[in-house]
Amino acid sequence: MFPLILAVLSTLTTAASTHPHPLDPLTPAELIAVRAAVLASPLVRARPLTFHYVGLDEPDKTDVLSYAEARSSSSRAALPRRAFVITRAGGQSHELRVDITDANAATVLSHSVHHGAGFPIHTSEEQFAAEALPFRHAPFVESMRRRGLDMDDVLCPVSTVGWFGDTGPSESGGKVQKRVVKLVCFVAGATPNFYARPVEGVTLVVDLDRMAIVEYRDRVVYPVPKAEGTDYRTAKVEPPYTGPTAAPGVVLQPEGRGFHIDGHLVRWANWEFHVGFDMRAGIVISLASIHDAEAGARRRVLYRGFVSEIFVPYMDPAEEWYDRTFMDAGEYGLGVTTFPLQPGADCPANAAYLDGYYTGQDGKPVENKNMICVFERYAGDIAWRHTEAGFADRLITETRPDASLVARMVVSSGNYDYILDWEFKPCGSIKFVVSMTGLLEVKGTDYTHADQIKQDAHGTLLAENTIGVYHDHYVTYYLDLDVDGTNNSFVKNVITTKRNTNTNTPRKSYWTVRREVAETEADAQVDVNVAAADLLIVNPNKKTRMGNEVGYRVAVGGATAASVLDDDDYPQRRASYSKKQVWVTPYKRDEKWATGLYADQSTGDDGLAVWSGRNRGIRNEDIVLWYTVGIHHIPCQDDFPIMPKVNGWFEVRPTNFFEQNPLLKTRPPRPESDLPTSVNCSCAGYFS
């Protein structure tokens with residue numbers, strides 16, 4: 001949480017071309033054009049004006065598909081380029097759509113003022129401005145003096161406040177909702193891991209529009225945990241290095257990389273997809289299609305996908321903690337908190353990188369390097385194999401090695417780092433992996449030993465005076481699957497136990513499948529932990545030669561936690577979708593953000609659960625799958641001071657999509673004796 005961010009608006013570098021791909025992120029020139037058009041527009045006269053979101057205003061899906069399916073570039077008509085913008089001016093949130101088809105003559109097409117609940121993403125500049133306020137606030141300075149703290153070692157990053165029913169938009173007759181944040185203070189000093197050294201008991205509330213402290217309370221004093229043992233930097237974790245160490249390894253590709261990147265289009269093996277970037281969602285994968293060698297055609301799988309929200313509620317109801325219920329995408333921006341990847345460490349030596357651009361709240365773009373990496377993974381896995389020992393005179397063994405292509409982004413949202421991998425496999429599956437690492441958010445306490453704890457401490461004692469507070473992580477994906485076409489259906493193959501009525505055999509029971517096709521959104525809400533079922537997205541208009549509907553299965557992996565908060569609790573009302581892992585909605589271009597367009601201080605009146613509550617028809621329609629990877633995190637000492645990676649994942653994989661195993665005719669591996677003895681390789685980052 002509390003990201004100390006450096007920018008607000010993000011986009012990937014795009015190859016220069018006369019007509020950019022319609023889903024390419026905005027270029028620096030386009031961002032500059034957007035800024036100029038908005039500042040010159042008479043529709044928003046109030047100043048100062050700050051930019052909180054600028055992203056691609058996607059063309060109509062039918063137009064994009066026509067563009068993508070055109071047989072040649074000469075037959076592709078350029079689509080209009082437009083930006084969607086959210087600014088703040090005059091104490092209001094303004095929404096603008098800007099035509100940048102001609103960046104030299106950008107035009108504001110529409111303008112409206114948001115009158116509902118909630119606010120846009122926070123900018124880095126206002127966060128840093130708010131963080132400077134306590135040091136000019138006399139009561140705070142006195143509180144730090146009483147604790148014996150050096151003010152030069154104290155820092156107070158911004159923490160969002162959520163919503164707890166105490167305000168409402170003025171149009172509803174309630175109080176005017178104020179754009180406020182809390183400042184949560186820590187002591188750095190000798191360690192960069194300031195999250196391990198909280199200043200407990202102090203509450204500072206800042207009105208961002210006034211940029212002033214409007215509430216201050218020093219309720220209780222607890223010891224500040226020691227800095228000793230909290231530093232994770234190589235220079236401070238001095239030899240001897242007693243931790244487990246594997247032998248160094250390198251990636252060798254004698255024939256070079258097996259993938260090709262053309263602007264934002266990636267081609268590898270039988271896959272082709274578009275990589276984009278958004279300041280709220282981060283990495284965006286679009287137009288993923290797979291080549292079917294038997295059919296001799298490229299077939300659609302995914303129109304557009306991204307992480308819609310990361311909801312992280314903490315489980316301590318204390319005055320200083322109850323409102324720590326973060327929505328990292330909607331409050332801070334996943335793209336904003338994506339920083340340069342470290343070659344050879346964050347990504348292997350065979351990776352290619354995509355650069356990015358962001359702008360400050362003044363709208364000016366700034367370059368950011370290496371925001372996304374793409375690489376081939378060779379992990380020693382097996383794609384398929386069989387050994388047949390049933391013949392008396394011979395042993396038959398056939399095996400094929402597996403490989404995959406990974407598109408990776410790492411989000412550093414305050415104390416946590418989320419490694420987000422999109423892994424494409426030649427068999428046709430896409431695996432979505434969320435790996436969490438980073439630093440725990442801890443609470444100061446008097447406890448120095450677990451034996452002293454006689455009541456609920458809302459966490460685990462990790463070190464002296466240090467409680468790791470219980471919390472959840474809910475990472476929600478938006479996946480507009482187009483399985484072999486736009487119109488799809490959602491099917492639950494429910495595993496059902498049957499009693500054997502055949503008296504000719506001694507078998508007592510067996511299981512079979514009860515097929516349920518979801519007619520409406522209510523039919524497609526699934527808690528995967530409740531009942532065993534095979535979940536499918538099928539195209540009822542396409543069938544195999546055997547007569548089966550082509551489809552993709554949702555393969556549930558690890559991390560299937562669902563929220564256990566009471567339905568009337570305010571954080572649950574804001575993220576009510578977190579009770580179930582699977583939702584399916586009809587495609588609507590503006591229904592993208594699970595917590596609504598304005599997540600900061602949202603009240604639960606917009607977002608996934610509200611849309612799905614309309615219970616619209618979804619059978620044989622253009623539908624969107626929403627899947628949430630969930631983890632109940634009970635911190636332990638092994639997570640401290642920096643947490644080893646924890647994985648959660650799910651997968652979509654072909655089910656009756658191909659006529660047979662698409663890897664059957666994969667070329668067998670070359671014998672080791674045929675491999676070159678001298679190869680060119682990049683070993684950067686592997687050896688010191």
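**Exercise 1. Find the residue of β8 that stands opposite Val158, then work out how β7 and β8 pair.**

Step 1: Val158 lies across from Leu183 in β8. Strands here are DSSP runs of E with at least two residues, and helices are runs of H or I with at least four residues, both numbered from the N terminus. The model you are looking at is predicted: local features need pLDDT of at least 70 and side-chain atom pairs count only at pLDDT 80 or more, while totals for chains, interfaces and linings use all residues. Residues are numbered from 1 along each chain as its sequence is written, and side-chain values use heavy atoms, with hydrogens and water left out.

Step 2: Now look at Ser159, whose bridge partner in β8 is Lys182.

Step 3: β7 and β8 pair in the antiparallel sense over two bridges; two strands pair if DSSP finds at least two bridges between them.

**Exercise 2. Place β8 in its sheet and say which strands stand at the edges.**

Step 1: On to β10, which runs antiparallel to β8 and is joined to that strand by four bridges. Here Val180 faces Asp207 of β10.

Step 2: The open sheet has four strands in the order β7-β8-β10-β11, with antiparallel pairing.

Step 3: The edges belong to β7 and β11 (212–218); each has a single partner strand, so one side of each is left without a neighbour in the sheet.

**Exercise 3. Decide whether the two faces of β8 are covered or open.**

Step 1: A helpful rule is that in a regular strand the side chains alternate between the two faces of the sheet.

Step 2: In β8, Val180 and Lys182 are on one side, with Val181 and Leu183 on the other.

Step 3: All four residues are buried, and both faces of β8 are covered. Buried means under 20% relative accessible area, exposed over 50%, and partly exposed in between (1.4 Å probe, protein chains only).

**Exercise 4. Describe the surroundings of Asp316.**

Step 1: Find Asp316 in the loop between β16 (297–313) and β17 (325–327).

Step 2: Its relative accessibility is 2%, so Asp316 counts as buried.

Step 3: Leaving aside neighbours within four places in sequence, Asp316 is in contact (heavy atoms within 4.5 Å) with Trp321, Tyr322, Lys443, His458 and Val469.

Step 4: With Lys443, the side chain of Asp316 makes a polar contact of 2.7 Å. Such a contact is a pair of N or O atoms within 3.5 Å; within protein, one must be able to donate a hydrogen and the other to accept it, and residues adjacent in sequence count only if both atoms are side-chain atoms.
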